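The following exercises concern a single protein model. Each task is followed by a solution in steps.

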Amino acid sequence: MITIDPKMKITMVAGDTGSIYLKLDDYNLKQGDKVTFAVVAKEINYDQRAGFAAVDPLLVRKCILAFESDGSCYIPLLEEDTLYLPSKNYSYDIRVITAEGVKNTVVTAKTLTILEGFSNSIKNCGGFR
């Protein structure tokens with residue numbers, strides 16, 4: 001299960017599935033647009049050679065190209081997206097790239113908390129009720 005609080009903090013158990021609903025106040029998503037969802041480790045590594053802070057590589061990447069008739073979309077999170085992420089806080093953002101090429105980060109550097117799940121190790125539920 002995924003929970004999203006009013007400040008857009010997401011909490012979920014590793015390996016759970018669900019989706020993030022995105023509806024913008026001032027723009028309706030349409031054919032040709034793209035919505036990207038990216039998750040990185042919350043820590044920032046300082047790159048001595050480059051002289052700036054380098055963000056960890058993307059751990060989860062999603063690109064949404066299909067939208068609802070009301071201009072909204074759902075960003076699905078599948079089991080494999082988070083199953084092997086250690087339990088801790090991560091950062092995510094959501095960006096819209098319009099068909100015209102305008103890029104807007106609509107959710108900036110919010111927290112994604114992954115909690116440990118114990119049921120993930122059960123592969124065959126055979127006699128469970």
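**Exercise 1.** State the accessible surface of the protein and the share supplied by carbon and sulfur atoms.

*Solution.* The exposed surface of the protein is about 8400 Å², as given by the Shrake-Rupley method with a 1.4 Å probe. Carbon and sulfur atoms supply 53% of this surface. The model is predicted, so local features need pLDDT of at least 70 and side-chain atom pairs count only at pLDDT 80 or more, while totals for chains, interfaces and linings use all residues. Residues are numbered from 1 along each chain as its sequence is written, and side-chain values use heavy atoms, with hydrogens and water left out.

**Exercise 2.** Determine what percentage of the residues is buried, and what percentage of the contacts is long in sequence.

*Solution.* Step one: 33% of the 129 residues count as buried, that is, under 20% relative accessible area with a 1.4 Å probe, protein chains only. Step two: among contacts (heavy atoms within 4.5 Å) with a separation of 6 or more, 62% join residues 24 or more positions apart.

**Exercise 3.** List the order of elements, then trace the pairing of β9.

*Solution.* Step one: the order from the N terminus is β-β-β-β-β-β-β-β-α-β-β, with helices (H or I, at least four residues) and strands (E, at least two) taken as DSSP runs. Step two: β9 (residues 88–97) pairs with β4 (residues 34–41) in the antiparallel sense over eight bridges; pairing requires that DSSP finds at least two bridges. Here Val40 has Ser91 as its bridge partner. Step three: β9 also pairs in the antiparallel sense with β10 (residues 103–115), over nine bridges, where Val96 is matched with Asn104. Step four: five residues lie between the strands of this hairpin, and Gly101 takes a positive phi near 95°.

Methods: Buried < 20%, exposed > 50% of the residue type's maximum accessible area, 1.4 Å probe, protein only.
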